[in-house]
Amino acid sequence: MLIFLFGCNEQSPIEKLKWLEGNWQQINQTNNKLSLESWDYRNGELLGKGYAVDNSRGVFDTLFIESLRIIIREQTLYYEADLPTQDPVLFRLTEEKKDSWTFS
């Protein structure tokens, strides 16, 4: 008796976003605000922290800190933002292009 087993090599949708791993920043020169994100790929999820700081007075004031995740639920990608002041908010993947993803 011969049995053939074939593995599924299809890439998880989250793995397409592994390039997000690392630290990212966006500087708004107009109002001296800085947004920072740090992402890590673990156990099939992208986990992150987001920060916004204000430097308009010459010192860095933290505006907010949020926990972030990109997860799969029911075969769909979601971006989850979790602020300490409210329940987590899920944003569903609504558009995927070669070099951009839109969650809304």
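Which residues does I70 touch, not counting residues up to four places away in sequence? In this predicted model, the list runs I14, L17, L20, W39, E45, L46, L77, Y78, Y79 and F103. Several of these names come back below, so I70 is a handy place to start a tour of the side chains.

**The nonpolar core**

In soluble globular proteins, nonpolar side chains tend to be buried together. Here the largest nonpolar core has 13 residues. I70 is among those with the most contacts inside this core, along with L17, W39 and L46. Strands β2 (33-42), β4 and β5 each supply at least two of the core residues. The largest share comes from β5, which gives three residues.

**Aromatic pairs**

Now for the rings. Across the whole structure, a search finds five aromatic pairs. One of them joins W19 and W24: the ring centres are 5.8 Å apart and the planes stand at 80°, so this pair is edge-to-face. W19 counts as partly exposed, at 45% relative accessibility, and W24 is partly exposed too, with a relative accessible area of 40%.

Y79 and F91 make a tilted pair, because their planes meet at 55°, with the ring centres 6.1 Å apart. Y79 belongs to strand β5 (residues 76-82) and F91 to strand β6 (residues 89-96), so the pair ties together parts that are 12 residues apart in sequence. Y79 is buried, with a relative accessible area of 18%, whereas F91 is partly exposed at 29%. Ring pairs also link Y79 and F91 with W39 and F103 into a cluster. From that cluster, W39, Y79 and F103 are also touched by I70.

Another ring has a charge for company: the charged end of K18 sits over the ring of Y41, 4.5 Å from its centre.

**Salt bridges**

Side chains of opposite charge can pair when their charged atoms come close. A search of the whole structure finds six salt bridges, and the table shows some of them.

| Salt bridge | Closest N to O distance |
|---|---|
| K16 and E96 | 3.6 Å |
| E45 and R69 | 3.4 Å |
| K97 and E95 | 3.4 Å |

What does the bridge between K16 and E96 tie together? K16 lies in the segment before β1 (22-28) and E96 in strand β6, so the pair connects parts that are 80 residues apart in sequence. Both ends are partly exposed: K16 at 38% relative accessibility and E96 with a relative accessible area of 43%.

The bridge between E45 and R69 also links two strands. E45 is in β3 (residues 45-54) and R69 in β4 (residues 61-73), so this pair ties together parts that are 24 residues apart in sequence. E45 is partly exposed, with a relative accessible area of 25%, and R69 counts as partly exposed at 23%. E45 is also one of the residues that I70 touches.

In the bridge between K97 and E95, K97 is partly exposed with a relative accessible area of 46%, and E95 is partly exposed with 36%. Elsewhere, salt bridges that share partners join E45, R69 and E80 into one network.

Technical notes. Residues are numbered from 1 along each chain as its sequence is written. This is a predicted model: local features need pLDDT of at least 70, side-chain atom pairs count only at pLDDT 80 or more; totals for chains, interfaces and linings use all residues. Side-chain values use heavy atoms; hydrogens and water are left out. Rings of Phe, Tyr and Trp (its six-membered ring) pair if their centres lie within 6.5 Å; planes under 30 degrees apart count as stacked, over 60 as edge-to-face and the rest as tilted. Buried means under 20% relative accessible area, exposed over 50%, partly exposed in between (1.4 Å probe, protein chains only). Helices (H or I, at least four residues) and strands (E, at least two) are DSSP runs, numbered from the N terminus. A charge sits over a ring if NZ of Lys or CZ of Arg is within 6 Å of the ring centre and within 35 degrees of the ring normal. A salt bridge is a side-chain nitrogen of Lys or Arg within 4 Å of a carboxyl oxygen of Asp or Glu. A nonpolar core is a set of buried Ala, Val, Leu, Ile, Met, Phe, Trp, Tyr and Cys residues joined through side-chain atoms within 4.5 Å. Contact means heavy atoms within 4.5 Å.
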